[in-house]
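Trainee: I have a model to read. Can we go through its fold together?

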Amino acid sequence: MVLEYCVAPNGNVGIECPRCHKVIELPLKESELLAWNPNETFIQNQFPKLTPGQREMLLSGLCEECWNEIFDEDGEDLSTFDDN
Ligand SMILES: [Zn+2]
């Protein structure tokens, strides 16, 4: 995994959105993130407690706000990411 992240004082993972450069803290410990092998386990199985938007941050780094803006521009529906 090549994603850039930082660790908040409480041990949670924070990710800086490459589009708006806001750092979003996820309800996820660094150890939990490092325990994930993306080649073996689907992200939704590894992190069922995260929202689809939060999981998307782990994949793309983009925050939910930017995702929504991008998808609004394209007229796509983010809900298609909810189920799979
Ligand atoms: Zn953003």
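Mentor: Start with a definition: two strands pair if DSSP finds at least two bridges between them. Keep in mind that this is a predicted model.

Trainee: In what order do the elements run from the N terminus on?

Mentor: The protein has four helices and three strands. The strands precede the helices along the chain. The order is β-β-β-α-α-α-α.

Trainee: How many bridges join β2 to β3?

Mentor: The two strands run antiparallel. One of the bridge partners is Lys-29 in β3, matched with Asn-12. Pairing needs at least two bridges. The number joining β2 to β3 is four.

Trainee: Which residue in the hairpin of β2 and β3 takes a positive phi?

Mentor: The hairpin has six residues between its strands. Most residues other than glycine have a negative phi. Here a residue other than glycine has phi near 60 degrees. That residue, in the loop between β2 and β3, is His-21.

Trainee: Why does His-21 count as exposed or buried?

Mentor: A residue with 12 or fewer C-beta atoms within 10 Å is exposed. His-21 has 8 such neighbours, so the residue counts as exposed.

Trainee: Which elements give two or more residues to the largest nonpolar core?

Mentor: That core has nine residues, including Val-13, Leu-26, Met-57 and Trp-67. The elements giving two or more are β2 (12–16), β3 (23–29) and α3 (52–60).

Trainee: What share of the 84 residues is buried?

Mentor: Burial takes 20 or more other C-beta atoms within 10 Å. Over the 84 residues, the buried share is 13%.

Technical notes:
Residues numbered from 1 in each chain as written. Predicted model: local features only at pLDDT ≥ 70, side-chain atom pairs only at ≥ 80, totals over all residues. Core = buried A, V, L, I, M, F, W, Y, C linked by C-beta atoms within 7 Å.
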